[in-house]
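User: I would like to learn how to read a structural model step by step, beginning with single residues and ending with the whole chain. Could you take me through it?

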Amino acid sequence: MSGTLPPHAAITDNNHGPYVALTVYILMVTMVLSVITRLIMRFLVIRTFKTDDYLIIAATVFAIIQSILVVRAEARGLGKPRTDVSDAEFQTYGKV
């Protein structure tokens, strides 16, 4: 199979990080689609944006940033037992 990508990570008894990443991806896509749908419908109905629309856009941007940070933390050891994470990875994970 020449066109396939390798798996992001394997789910094992000691690595539940892929569950975290999968959940983040699913919820982030759902969130973005919901916000886009809301903004399109709002614009079609009243032809302008109000304060709550700008607040939901800002909240969505912050949620996307948080999702990116969680996925980065998962790549550095989130979802694994502390004994399976090196000290260097743990320090990086703590900073993310």
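User: Is Asp-52 buried, partly exposed or exposed?

Analyst: The general idea is to look at relative accessible area, where buried means under 20%, exposed means over 50% and partly exposed lies in between, with a 1.4 Å probe and protein chains only. Asp-52 has a relative accessible area of 34%, so Asp-52 is partly exposed. Before we go on, please keep in mind that this is a predicted model, in which local features need pLDDT of at least 70 and side-chain atom pairs count only at pLDDT 80 or more, while totals for chains, interfaces and linings use all residues. Residues are numbered from 1 along each chain as its sequence is written, and side-chain values use heavy atoms, with hydrogens and water left out.

User: How do I read the secondary structure, and how many helices and strands are there?

Analyst: Helices (H or I, at least four residues) and strands (E, at least two) are DSSP runs, numbered from the N terminus. Here the chain has 3 helices and 0 strands, and its pattern along the sequence is α-α-α.

User: What span should H2 have, and how far apart are its end C-alpha atoms?

Analyst: The expected span of a helix is 1.5 Å times one less than its number of residues. For the 25 residues of H2 this gives 36 Å, and the end C-alpha atoms are 37 Å apart, which agrees. Helix H2 covers residues 51-75, and after H2 comes Gly-77, which has a positive phi near 130°.

User: Which residues of H2 are buried?

Analyst: The buried residues in H2 are Asp-53, Thr-60, Ala-63, Ser-67, Val-71, Ala-73 and Glu-74. Asp-53, with a relative accessible area of 0%, is a charged residue to keep in mind for the next feature.

User: How do I recognise a salt bridge, and how many does the whole structure have?

Analyst: A salt bridge is a side-chain nitrogen of Lys or Arg within 4 Å of a carboxyl oxygen of Asp or Glu. By that rule, a search of the whole structure finds 4 salt bridges. In one of them, Arg-38 pairs with Asp-53, and their closest N and O atoms are 2.5 Å apart. Arg-38 lies in helix H1 (residues 17-46) and Asp-53 in helix H2, so this pair ties together parts that are 15 residues apart in sequence.

User: What does Arg-42 contribute, and which residues are linked in the network?

Analyst: Arg-42 forms a salt bridge with Asp-52, at 2.7 Å from N to O. Because Arg-42 lies in helix H1 and Asp-52 in helix H2, that pair joins parts 10 residues apart in sequence. Arg-42 also meets Asp-53 in a salt bridge, at 3.1 Å from N to O, and here the parts tied together are 11 residues apart in sequence. Arg-38, Arg-42, Asp-52 and Asp-53 are thus linked in a network of salt bridges. Within this network, Arg-38 is partly exposed at 31% relative accessible area, as is Arg-42 at 23%.

User: How should I judge aromatic rings, and how many aromatic pairs are there?

Analyst: Rings of Phe, Tyr and Trp (its six-membered ring) pair if their centres lie within 6.5 Å; planes under 30 degrees apart count as stacked, over 60 as edge-to-face and the rest as tilted. This rule gives 2 aromatic pairs. The ring centres of Phe-43 and Phe-49 are 5.9 Å apart and their planes lie at 45°, so the pair is tilted. For Phe-49 and Tyr-54 the centres are 6.2 Å apart and the planes lie at 80°, so that pair is edge-to-face. Ring pairs therefore link Phe-43, Phe-49 and Tyr-54 into a cluster.

User: Which residues form the nonpolar patch on the surface?

Analyst: Patches are made of residues with over 30% relative accessible area and no salt bridge, where like charges are joined within 9 Å and nonpolar side chains (Val, Leu, Ile, Met, Phe, Trp, Tyr) within 5 Å. The nonpolar patch consists of Phe-43, Phe-49, Tyr-54, Ile-57, Val-61, Phe-62, Ile-65 and Leu-69, with about 730 Å² of accessible area together. Helix H2 gives the most to this patch, with 6 residues. Ile-65, one of the patch residues, is partly exposed at 42% relative accessibility.

Note on methods. Accessible areas come from the Shrake-Rupley method with a 1.4 Å probe; for residues, only the protein chains shown count as cover.
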